[in-house]
Amino acid sequence: MKRLFNISLFTFIYLSGIGQTTHFSESRSPSANGVLSGKVMDAQTKEPLAGATIYVHEAKAGVIADKNGAYSIRNLPDGKFLVEISYAGYGSHIETVEIAGDVQKDFLLSPEVVENQGVTVTGVAGAVQIKKAPVPVTILKKENFLKEASTNLVDALSKTPGVSQISTGPAISKPSIRGLGYNRVVVINDGVRQEGQQWGDEHGIEVDEYGVSKAEILKGPASIMYGSDALAGVVNFISVVPPPQGMIKGNLLSNYQTNNRLRGFHGDIGGNHNGFIWGLNGTYKAAADYKNKYDGNVFNSKFREKDVSGHIGFNKSWGFTHLLISHFDQVPGLVEGDRDDATGKFLKLVNNAGNEEEEIATGDDARSTDAFFPKQRIRHFKVTADNSFNLGKDRLTWITGYQRNQREEFGNVVEPEERELHFDLRTVNYNVQYHFAEKNRWKTSIGINGMQQTNTNKGEEQLIPEYSLFDIGGFVYTKKSLDKLALSGGLRFDNRSIDSKELLDGAEVKFEGFKKDFSNVSASAGLSYEVSGNVVLKLNMARGFRAPSIPELSSNGAHEGTNRYEYGEQDLRSEKSFQVDAGLDVNSEHISFSASLFYNAIKDFIYYSKLSSVVGGDSIITDGGEDLFAFQFRQNNARLYGAEMNVDIHPHPLDWLHFESTFSYVRGVLSEEQDGSKNLPFIPAPRLINELRADLLRKGKVAKNVYAKIELDNTFAQNDPFTGYNTETRTPGYSLLNVGLGGDITGKGKTLFSLYLAANNITDVAYQNHLSRLKYTAANLVTGRMGVFNMGRNFSVKLNIPLGFALKN
C-alpha cells in the first residue's frame, strides 16, 4: 500500500506538472505546431501503400497511412528530424525532413528483398541511420523475436553475429558481446540503464521478453554515452513505442514449447489521442524442467515469471513527457546437478521430520513448474520519467529513473522461508542532454549522466558488503554530415565513488570498510563513407573503461547456484580499453554482404580463477556443510580480436529465395601466462549459421508474409579454454538443425492473426555450450560425463492476434 501510495502521489505531481508545462508552452508559442503530411506510394506503380508506418524518431511520434496512402503527423516543432517510413515487403525509407509550419512530403517505397536500412538511437546523442553510424549496430524487431523459439530474452539475441549468452539454465542468461559479458555490457531498457545483480552467473536481466518492441545491439566500447561498464557494447531494449496518432492498438500473444512445457501469455493495449498516450502490458510464463537425451529431465531447471507494465504521457509541439512503470517477478530453480551415485539420476532436497535429506527426483517433480530448493526470486520495480523539451530549434532531454532490484536465494529446505542471500539494490539514474540545432551540417550534444546506488543485505549470509555508489560523467558528442561522409566523435570524463561498509561476523571482520574513487577519460572518433549507393566503409576508434564492481573488490562468501566461494581484491584498478573497428557493407540487387573486424586491447583486465591448495589440487572451502571451490579475482592485460560476417544471396528472378550465412569469431588472450594458460575465460567458440529461407506472398489476400526456413547452426570446438587453476575445459563442437514456418492470415484487408512455428535441434543432439555454467556441475558417475547438457529437441508454436481501431477526433 505504501508503494502504491507513493506511485499515485508521484503520478499526480507528474501529471500536474505536465498540465502546467503544456499550458505554458502552448501559450508562449502557439505557432510552433508543425504538421508533416503527404502520401506513401509504390515507387514503380504509384499505388498507395495503405498501412505504411511513418515515424519521427526524435519526437517519438508516428502515424499509419490510410487506405489512400495519406498520412498526417501533427504537433511537431520546427527543426530537422529523421523520418522513417516502413511497409512490409518494401525497403525502409529514411530521410531527414525540416519542419517549418505545415510541410507536404510524399514518400516512394521500392520492393526490397533484404531490409538493410534502419535507425539507431544507441551510443549516439540522437537518431542516426545505421549506415551512417561508424560502429556496428544490429537491430532486431518484434517479428524477429516472434520467429525464434527462445527460452528467454537474451537467448533471442544469441544468433546475432558477435553476440552470445552466458547461461545457467533456460531462465537465466546474460549477454556477451565479442567475448565480454557481465559488467562489461550495459543493458538499457526504455532509456534507463538496467541495474540488477549483473555481476553474477545466475543473475539474468529483468526485462519482459514478450514486451520488447525492438532491440538495438551496439558492438564496441560506448563509454562516451554510458560511462563505466560499456566496455564491450550496449544492448538497448525498447519496450514502449507510442501507438500511431489517433489509434488504439494492442496484441494478444501465446506461446507453447514442447521440451520444457513452456507456456507463455502476453497482452498489451495502448492508445494515442490528440497527443495523450497510454499503454498497459502483462506477461505470464511458466516452464517445467527441460530435457536432453543424456540427462533426461534436468532437475530444477524450471521457472515462473509474471510481469506487468504501463505508461502514460503527452506528445505535443513543445516536446514530450512520458511516465513508465514496470514490475518483473521471476522464480527460477537453481540447477546444482547432484546425482545418485548408483543410478546417475538427479537428487532433490527434502525435509524429513526437520532433517535435510536427499531423494531421487521423480517424473512428477520434473513436470511441476514450482521451483525446488535451491531457488531464487527476483523482483525488479522501475519507474521512469522520459522528457524532451524543444527550445527553439534546440532540444533538452531529461530522463530520470528509480529502480529497486530484490534478489532472494533460498537453500534451506528445513526452513523454507529462510533467505540465505537477499540483495536489496536501489538505484536512481539521471541523464540530462542538450542537443544544439544543426548548423553547417554539424550537430552537437552535451550532457551529464550517472547514478546513485545503495545495496542492503537482508539475508542470513552475505556475499558482498552493503555499500553506496555515486557515478557522474559529463560528455560532448558531435557529428558532421557531408554528402557521402559522416564523421562523429566525442570526449567524456567520469568519476565513480564507492563507500563500502564494514561487517562483523561475530568477532571476525568479514568485510573491511573502505572508500574508493575511480576516474577516467573516454574518447571516440569514427567515420562512415558511402563509396557508392551500394558500398559503405566504416572505421571507428574508441577508448573505454570499467571500474571494478563491488563483488570484484570485496566478495567473501558462498555463491549459491555456482558452487563457488568467492574472494574479492580491494587493490584492483579500472579496466581501460582501446578498440579499433573496421567495417564494410555491400548491398546490391542480388547480394548483401557485411563484414566487421575488431581489435581490442584491455589494460588491467579483471577475471576470476580457482585458487590452488598449498598441498596441490583445488582449494576447497567448507561452508554450511557444503564443499565449494575457492575463487579469487585477478588482473592482467588482455587482447581480443575477431571478425563477424554476413552474406545474403537472393538471385533474380528468385528474389523470394535467400541463402544466408553468418560467421562469428573472437580470440582472447592474456599478456602473461597464468598457471599454464594465456587464454581468456568465457570466450565463445567460432560459429557459422547457414540458412535457406523462402519469403512468399508479400501481398496475399488470405495469407501473406509467409516464410519457411531451414537452418544449420554450427558451433565449432573451443580448443582454447582458460585452463589455469582448473577454471575451464575444452568444449567439443556441434551442429543443430532448425526449421521455421509462419505468416499472417488476413481478412478484409486486415491481419486476423499471425502464426509462428519453429523446431530447434530436430536431431536431438546432446551438446554443451562453452558458455553454459551447467557444464561444470557434478559428474555423472554412471556415465562418466561431466556436468549438465543443453536443451534437446524443442518445438514451439506462437499465435499473435493484433488488435486496433482508429479514434475519432
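Is Tyr182 buried or exposed? Work through this and the exercises below on the predicted model.

**Exercise 1. Classify Tyr182 and describe its backbone.**

Solution.
- Start with the location: Tyr182 sits in the loop between strand S13 (173-177) and strand S14 (185-189).
- Take the accessibility next. Tyr182 has a relative accessibility of 11%.
- Apply the cut-off: buried means under 20%. Tyr182 therefore counts as buried.
- Finish with the backbone. Phi of Tyr182 is near 55°, a positive value in a residue other than glycine.
- For context, most residues other than glycine have a negative phi.

**Exercise 2. Repeat the analysis for Asp229.**

Solution.
- Asp229 belongs to the loop between helix H4 (223-226) and strand S17 (233-238).
- Its phi is near 95°, again positive in a residue other than glycine.
- The relative accessibility of Asp229 is 4%, so this residue counts as buried.

**Exercise 3. Find the strands that pair with S5 and state their sense.**

Solution.
- Locate S5: the strand covers residues 79-86.
- Check its cover. Of the 8 residues in S5, 6 are buried, so the strand is mostly covered.
- Take strand S2 (residues 53-56). S2 and S5 run antiparallel and are joined by 4 bridges.
- Pick a pair here: Val83 in S5 stands opposite Val56.
- Turn to strand S6 (residues 93-99). S6 pairs with S5 over 7 bridges, also in the antiparallel sense.
- Pick a pair again: Leu82 has Thr96 in S6 as its bridge partner.
- Look at the connection. The hairpin of S5 and S6 has 6 residues between the strands. Gly89 in this hairpin takes a positive phi near 90°.

**Exercise 4. Which peptide bond joins Phe373 and Pro374?**

Solution.
- Read omega: the value is about -5°.
- Assign the bond: Phe373 and Pro374 are joined by a cis peptide bond.
- Compare with the general rule: most peptide bonds are trans.
- Place the proline. Pro374 lies in the loop between helix H5 (363-367) and strand S27 (375-391).

**Exercise 5. Which residues gather in the patch of negative charge on the surface?**

Solution.
- List the members: Asp338, Glu356, Glu358, Glu626 and Asp627.
- Trace the strands. Strand S26 (355-360) and strand S42 (626-649) each supply at least two residues of the patch.
- Examine one member. Asp627 is found in S42.
- Test its accessibility: the relative accessible area of Asp627 is 54%. Exposed means over 50%, so Asp627 is exposed.

Conventions. Residues numbered from 1 in each chain as written. Predicted model: local features only at pLDDT ≥ 70, side-chain atom pairs only at ≥ 80, totals over all residues. Heavy atoms only, no water. Buried < 20%, exposed > 50% of the residue type's maximum accessible area, 1.4 Å probe, protein only. Pairing = 2+ DSSP bridges. Patch = residues over 30% accessible without salt bridge, like charges linked within 9 Å, V, L, I, M, F, W, Y side chains within 5 Å. Areas by Shrake-Rupley, 256 points an atom, 1.4 Å probe, with all protein chains shown as cover. Salt bridge = Lys/Arg side-chain N within 4 Å of Asp/Glu carboxyl O. Lys, Arg positive; Asp, Glu negative; His and termini not counted. Charge placed at Lys NZ, Arg CZ, Asp CG, Glu CD.
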